[in-house]
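The exercises below each set a task and then work through its solution step by step. Please keep the sequence and the coordinates at hand while reading.

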Amino acid sequence: MSNQKKRNFQIEAFKHRVVVDPKYADKTWQILERAIHQIYNQDASGLSFEELYRNAYNMVLHKFGEKLYTGFIATMTGHLKEKARLIEAAQGGAFLEELNKKWNEHNKALEMIRDILMYMDRTYIESTKKPHVHPMGLSLWRDNVVHSPKIHTRLLNTLLDLVYKERTGEVIDRGLVRNVTKMFMDLGESVYQDDFEKPFLEASSEFYKVESQEFIESCDCGDYLKKAEKRLTEEIDRVGHYLDAKSEDKITSVVEREMIANHMQRLVHMENSGLVNMLLNDKYEDLGRMYSLFRRVTNGLATVRDVMTLHLREMGKQLVTDPEKSKDPVEFVQRLLDERDKYDKIISTAFGNDKTFQNASNSSFEYFINLNTRSPEFISLFVDDKLRKGLKGIADVDVEVILDKVMMLFRYLQEKDVFEKYYKQHLAKRLLSGKTVSDDAEKSLIVKLKTECGYQFTSKLEGMFTDMKTSEDTMRGFYGSHPELSEGPTLTVQVLTTGSWPTQPAVPCNLPAEVSVLCEKFRSYYLGTHTGRRLSWQTNMGTADIKAVFGKGQKHELNVSTFQMCVLMLFNNSDRLSYKEIEQATEIPAPELKRCLQSLACVKGKNVIKKEPMSKDIGEDDLFVVNDKFTSKFYKVKIGTVVAQKETEPEKQETRQRVEEDRKPQIEAAIVRIMKSRKILDHNNIIAEVTKQLQPRFLANPTEIKKRIESLIERDFLERDNTDRKLYRYLA
């Protein structure tokens, strides 16, 4: 059984011959043709669609599908040619209305005809792969009406003319235009594109080319951008009302090209109104508009960014290299912060916090801040000013904001170690003179510096605070062990760890006997409680409060430096003293002594002594007497308070020298670290890697790196390769 072939069964049609009337097809078609005429003549109310459907069904069934199909095409073509003639005859504004009317009539007729011929649609057309009734009806409309020689160009020109009128401010019948453009879409995407969209885009391009030229000749940049933005909005609105949604990108790109891309350079550089003018005058709205329009075109934002960067660098360069603006360090830094705030606001408000603009701004600030070698010093002086007096009465939140801004400038510094040097000096003076406004603010800034640069950067700064706290405990212990000292002068000593504080040369000075005795007692106490330590008095860093009685019994408490105290105490035993006598008695070095006498005798309102002859400068032949007529509305009078000021040129050179010396071991350590891990490395790669490794602290000089390599070779840390002299080997 399994080997037998399977038999295929097929059911065939009954082969009984059906006799059909020879004129059946013609008669049936005449009925259907008459019905089509009635439908097109809007006289279909008396038709029986069921009967018509059956007739069409029978024609297909009796193999007359081809006759039915060609007949329907011929009949419809005849009607459409007639409609085309009527449309052609319409004049002026009636032309589009007539076209729209006939299109609607054709659509209704087409639906009825499709229903009648539904069986043909499903069987005959499906089997012969001919176009279906509805698509065929649309094609016939396209070929006989839309592409009619007398309609085609006229229709396009009418539509383009209406768009032009609307662009120039006239009101048009948008509903009618929408119906006509929808007709194009219904006829097929290619019809819409070829017969309307492409010519529409070309006409638009020409329109905006001419208009943009007119605008750019007559408007400033801000007004031009407003007009361009308005035109873009109008075109998007136009698409929404009567064009295909896919046309939006195409028409907006035309406006963008003609109104923005083709005029980019001229717009950003426009005199008295371009990008630079907007930046200078804080025109946030115009800047925002420029950003949103330029981002639409290729290289638009890059153009804006480049012009902004160039302007910012030029402006910053003028700011930091102008000697007049560098006179006051606090104002200098405040100007930088104001500029930073300004550009932050521009980027957040107008440029949508664009990261590329933020990066451009950061690189510009880094560029020009480092053009002035005194920037690290000035930023430290700004901090000093704020932490001495500038933060009084300011809420903690606002203090943090100011400190964060300072940190932002600090990040731009290439020579962070120079800032550290100055900051340490200024912090020392604040702590020792008790002039800091807030310990919390001081510590907050140190935490920020630590986060930014690591523990090494701030360890000594933290050590300074530790010393101040330890000194308080030491003084309590000292007075606890010497109760007899509760009467008479009071001594407060701050014991500073040598490594943590800025190194100061010990300046000689003969202290008054009353103070000298106390100092000796403290020395004995301290060395008795701490073994293996040495004390060195830094009299140039101290202050004193002394009570003074002037003529007419007027009493004041004077806050002075230790040197000023030494000078004033001499007048307890003498009414008149010469410069030479004061110098001999105190042994204060001449520059310090002259500065000290100047602040006591030459500052109006603080002149507790008088000098003869009266002049601003101190001479070696001058005489000094107590100013009995001294008066002040304050009981406590501060004289010559030490405030951090800009360094003089020699001091600056000295600081720079100390910084260079401190850098040497850091460069050597970096070289050794790199060579230890790499073993063999060529000269250029060592320079690159050392520079990169030290960048967070300072910008290493290649010449100095080369010197440090030579030094390490001399000390047998490295050696040169015998064959390639630019290759170095690490020696374990």
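## Exercise 1: two threonines in loops

T539 is buried, with a relative accessible area of 11%, where buried means under 20% relative accessible area, exposed over 50% and partly exposed in between, for a 1.4 Å probe and protein chains only. The model is a predicted one, in which local features need pLDDT of at least 70 and side-chain atom pairs count only at pLDDT 80 or more, while totals for chains, interfaces and linings use all residues. Residues are numbered from 1 along each chain as its sequence is written, and side-chain values use heavy atoms, with hydrogens and water left out.

Task: place T539 in the chain and list what it touches.

Solution. Step one: T539 sits in the loop between α24 (513-529) and β1 (543-550); helices (H or I, at least four residues) and strands (E, at least two) are DSSP runs, numbered from the N terminus. Step two: leaving aside residues up to four places away in sequence, T539 touches V507, C509, L511, T562 and F563, contact meaning heavy atoms within 4.5 Å.

Task: decide whether T498 is buried or exposed.

Solution. Step one: T498 is found in the loop between α23 (455-481) and α24. Step two: its relative accessible area is 66%, so T498 is exposed. Step three: T498 and M464 are 34 residues apart in sequence, and their C-alpha atoms are 10.0 Å apart in space.

## Exercise 2: a helix pair

Task: classify the packing of helix α16 (residues 300-321) against helix α18 (residues 355-369).

Solution. Step one: the two helices pack at an angle of about 25°, with their axes 9 Å apart; axes are lines fitted to C-alpha atoms, for helices over the stretch in contact, and angles run from 0 to 180 degrees between N-to-C directions. Step two: that angle makes α16 roughly parallel to α18, given that angles under 35 degrees count as roughly parallel, over 145 as roughly antiparallel, 65 to 115 as roughly perpendicular and the rest as oblique. Step three: among the α16 residues that meet α18 are L301, V304 and M308, and their partners in α18 include F357, A360 and F365.

## Exercise 3: aromatic pairs

Task: assign the geometry of the ring pairs Y57 with Y119 and Y164 with F207.

Solution. Step one: rings of Phe, Tyr and Trp (its six-membered ring) pair if their centres lie within 6.5 Å, and planes under 30 degrees apart count as stacked, over 60 as edge-to-face and the rest as tilted. By this rule the count comes to 27 aromatic pairs. Step two: Y57 and Y119 are 4.3 Å centre to centre with 55° between the planes, a tilted pair. Because Y57 lies in helix α2 (residues 49-61) and Y119 in helix α5 (residues 118-122), the pair ties together parts that are 62 residues apart in sequence. Y57 is partly exposed at 30% relative accessibility, and Y119 is partly exposed at 21%. Step three: the ring centres of Y164 and F207 are 5.7 Å apart and their planes stand at 90°, so this pair is edge-to-face. Y164 belongs to helix α8 (residues 149-167) and F207 to helix α10 (residues 189-218), 43 residues apart. Y164 is partly exposed, with a relative accessible area of 43%, whereas F207 counts as buried at 13%.

Task: which residues do ring pairs link into a cluster?

Solution. The cluster is made up of F478, Y479, F522, Y525, Y526 and W537.
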